[in-house]
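Me: I would like a close look at a single part of this model, with the cut-offs stated as you go.

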Amino acid sequence: MNFYNKIANILRKVENEKISFKNAIYNNLNENDKNFTKIYKIIIEILRLNKAISNIIETFYQDVEIKDLQLFKTLLYEYFFSEKKVKIGGKLMKVIKEKKDQIAEYIKKNNYDSKPVEISDLMYFRENKLIPNNINFNFEDVHKDDIDGLYYISKKSKNLYKVFELRDESSVIIQTKSSFLPAYFLKKVVKEEKFDIIDACSAPGNKTLQLSEYFNKSKVFAFEMNDNRFETLKNNINRYNTTTTITPIKMDFLKSDVNEYKNVKLILADPSCSGSGTLNNSLDDKSMNECCLDIAGSEIEQNNISRLKKLATFQIKILSHAMSFPSVKYISYSTCSTYMTENEYVVSKVLKTNPSFRLKKLEHNFHIGLTEETKNCVRTCRKCHNIDGFFVAIFERVNIN
């Protein structure tokens, strides 16, 4: 039951504390856990089917005292929706099995989808150039993406295991295409070679490693304040990096002294957000099939506005602090959110209070920001681009005192 208790604990964080599932996973589960990928997928599926599971509980177990709702949801999912049937006992499972026939009929009648949903049909990864290696992708089904340095393979490929073998050897880093973009765009606009860099919200460390690879003559200071996430960050830095250019710092970036980092010219800020661009229970199920431009500013966003404003306040603080570093020249701001409150609104707010910065125009084939002021920003879309919804803005200082 320990496996299911881990899932239930993460669900509890998402449902009761309103933490995005991505943050809940990384805050409460070590990425090196042998069941990490399995737990990740199950949580995504439970969140996707949350309405169906909740309706089952309300219909069939209204009179049953359920002390651990999230564990009960997990077992309901595993018994009725998982491809592999659960072979465990216990009081909760006994309660579930007592009404298995009625529930099975109910699921069929209401046409609840029991097929697992993939985040994407493709797995993206990049060669790890921070360690000595000589990789030859001499197996079928691996393709170069149109974004330089990124590769992909079908999750249904018979050769998928070879990518995991390369990952286990630290030769490649598995990273979503959308999360690849913030550091990638920084590299496209920055022509200098040697300076200091800050990754303001670093864990799990993929973007930190990407920055170190792109700017290999520079020092990277990686900030992370959460204990578990900091351990994940350190483990990934040690696993994928043989250089000494990355310094992990267990500290809240907002408490950093700007005068201690006078040589910092680049800052990457990817702060906590709603996660609405990913499969997350903060969105209606139907929004996963809608364009991000239709979700932005819609009723779905307005239904979450109180929480989003709190997140935006934090995001503005992160960006404002980044802009206060005396020598900073470029700042990347990104979220895995489709909401204007966390994206266009945040960008407009910090531009008004920091007139020495402007948005850098980026060359790309994605959507652009939704306002005239933010048209230089980038939006990616699940429906239109087959990747997670992401937002990226690159700020450039145009007047350094």
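Me: Is Glu78 buried or exposed, and which side chain of opposite charge is nearest?

Reply: This is a predicted model, in which local features need pLDDT of at least 70 and side-chain atom pairs count only at pLDDT 80 or more, while totals for chains, interfaces and linings use all residues. Residues are numbered from 1 along each chain as its sequence is written, and side-chain values use heavy atoms, with hydrogens and water left out.

Glu78 lies in helix 5, residues 69-80 (helices are DSSP runs of H or I, at least four residues, numbered from the N terminus). Glu78 is buried (under 20% relative accessible area, with a 1.4 Å probe and protein chains only), yet Glu78 has no salt bridge (a side-chain nitrogen of Lys or Arg within 4 Å of a carboxyl oxygen of Asp or Glu). The nearest side chain of opposite charge is Lys38, 5.6 Å away, where Lys and Arg count as positive, Asp and Glu as negative, and His and the chain ends are not counted. A polar contact of 3.1 Å does join the side chains of Glu78 and Tyr4 (a pair of N or O atoms within 3.5 Å, one able to donate a hydrogen and the other to accept it; residues adjacent in sequence count only if both atoms are side-chain atoms).

Helix 5 also takes part in the largest nonpolar core, supplying at least two of its residues. That core has 41 residues, and Leu76 and Phe81 are among those with the most contacts inside it (buried Ala, Val, Leu, Ile, Met, Phe, Trp, Tyr and Cys joined through side-chain atoms within 4.5 Å). The largest share of this core, eight residues, comes from helix 3.

Notes: Buried means under 20% relative accessible area, exposed over 50%, partly exposed in between (1.4 Å probe, protein chains only).
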